[in-house]
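Hi,

Here is the structure I promised to pass on to you. Have a look at it first, then read my notes below.

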Amino acid sequence: MKNGGLPVLAKGGVCAWPLPYDETGPHAARSLLHRTMAGLGLGRDVIEDGRLAVSEVATNALRYGGNAPGGRPPTCPELWVWARTVPAPQLIVSVFDRARTSLPRASGAGLLDEHGKGLGLLGEVAVEWGAGPSRARLAPEPLHGKTVWFALPLPVSWPGLGLKVHPGTAAQCLLRALQGRGFPGRRSCDQRGISVLELPGLNIWAHSRHFTWRAAPARYARQPFIDLQETAECVVRQLDGSSSAC
């Protein structure tokens, strides 16, 4: 699930690549995203919006991404791409870096300004964007950091909308995704035959077509199985104590 295109993303997978930690990083991000979006058959305007946005996000990671603690060499940023169906079919593009507490702010400059556009342009070309704490996907050990992400529209005919997934399969895939980010856990079945993921301080139920878990004392989160990567990212933020969880 670390490469590919439509077959991977339409089945709840993720494309993830390391980016060079130098001035070639934004170019690499543009090329990788362009290839992925073209493989999905997206329109030229959406592709160009994606290239513009990911270039800015990758540049932000290069400038402000931070170094590895303890004097170790810097950790390369990571580019992640996945699809979600809620609230609408969207492509999520995210760049991970190690500067966990350095969250970006829009500068207020316009798209036609010569300087200072910064991340403000994401609000012009993306459906939505944001930033928050996360963990690396490609590192051999859990690495804490943050992601800056944005959403682009997918066709209303996105094939993932009609995909049916067995609850046990969905639960097992989500467990592997979370274990790969450093969270121990196990899968079991309750007395009703519903798959349950037991994680430190959190249980996630897989029933019918949705994951369900307590996201706050008085609120439950609910995500369709096909939005596996979106669910994993929400759970990572919640387990790491972020207030920006789903």
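Before anything else, one term: a residue is called buried when its relative accessible area is under 20%, exposed when the value is over 50%, and partly exposed in between. Also keep in mind that this is a predicted model.

With that term in hand, start at helix α6. Its buried residues are L228, Q229, E230, T231, A232, E233, C234, V235, V236, R237 and Q238. That makes 11 buried out of 12, so you can think of α6 as mostly covered. From its first C-alpha to its last, α6 reaches 16 Å, close to the 16 Å expected for its 12 residues at 1.5 Å a residue. Just after the helix comes G241, with a positive phi of about 85°.

What does α6 pack on? The helix sits on a sheet, where it touches β7, β8, β9 and β10, and its direction makes about 20° with that of β9.

Now the sheet itself. It is open and has five strands, in the order β6-β7-β8-β9-β10, with antiparallel pairing. Why do β6 (186–189) and β10 (219–224) have one side without a neighbour in the sheet? Both stand at the edges, so each has a single partner strand. From one strand to the next, the twist averages 25°. If you're wondering what holds such an arrangement together, strands of a sheet pair through backbone hydrogen bonds, either parallel or antiparallel.

For a look at one pairing, try β7 (residues 195–199) and β8 (residues 202–207): they run antiparallel and are joined by five bridges. Within that pair, L197 stands opposite I204 in β8. A second helix, α5 (residues 167–179), packs on the sheet too, touching β6, β7, β8 and β9 (210–216). The direction of α5 makes about 15° with that of β7.

Next, the salt bridges. How many turn up in a search of the whole structure? The search finds nine, and here are some to click on.

- E128 and R84: their side chains meet at 3.0 Å, N to O. E128 belongs to strand β4 (residues 128–135) and R84 to strand β2 (residues 78–84), so to speak distant parts of the chain, 44 residues apart. E128 is partly exposed at 35% relative accessibility, whereas R84 is buried at 5%.
- D240 and R135: the closest N and O atoms of this salt bridge are 2.9 Å apart. The pair links the segment after α6, where D240 lies, to strand β4, where R135 lies, and the two are 105 residues apart. D240 counts as partly exposed, with 22% relative accessibility, while R135 counts as buried, with 9%.
- R137 and E233: here the side chains meet at 3.3 Å, N to O. R137 is in the loop between β4 and β5 (144–153) and E233 is in helix α6, so this salt bridge ties together parts that are 96 residues apart in sequence. Are these two buried or exposed? R137 has 11% relative accessibility and counts as buried, and E233, at 4%, counts as buried as well.

One last thing to find on screen: R84, E128 and E230 are joined into one network by salt bridges that share partners. You have already met E230 among the buried residues of α6.

Have fun exploring!

Conventions: Residues are numbered from 1 along each chain as its sequence is written. This is a predicted model: local features need pLDDT of at least 70, side-chain atom pairs count only at pLDDT 80 or more; totals for chains, interfaces and linings use all residues. Side-chain values use heavy atoms; hydrogens and water are left out. Two strands pair if DSSP finds at least two bridges between them. Helices (H or I, at least four residues) and strands (E, at least two) are DSSP runs, numbered from the N terminus. Axes are lines fitted to C-alpha atoms, for helices over the stretch in contact, and angles run from 0 to 180 degrees between N-to-C directions. Contact means heavy atoms within 4.5 Å. The expected span of a helix is 1.5 Å times one less than its number of residues. Buried means under 20% relative accessible area, exposed over 50%, partly exposed in between (1.4 Å probe, protein chains only). A salt bridge is a side-chain nitrogen of Lys or Arg within 4 Å of a carboxyl oxygen of Asp or Glu.
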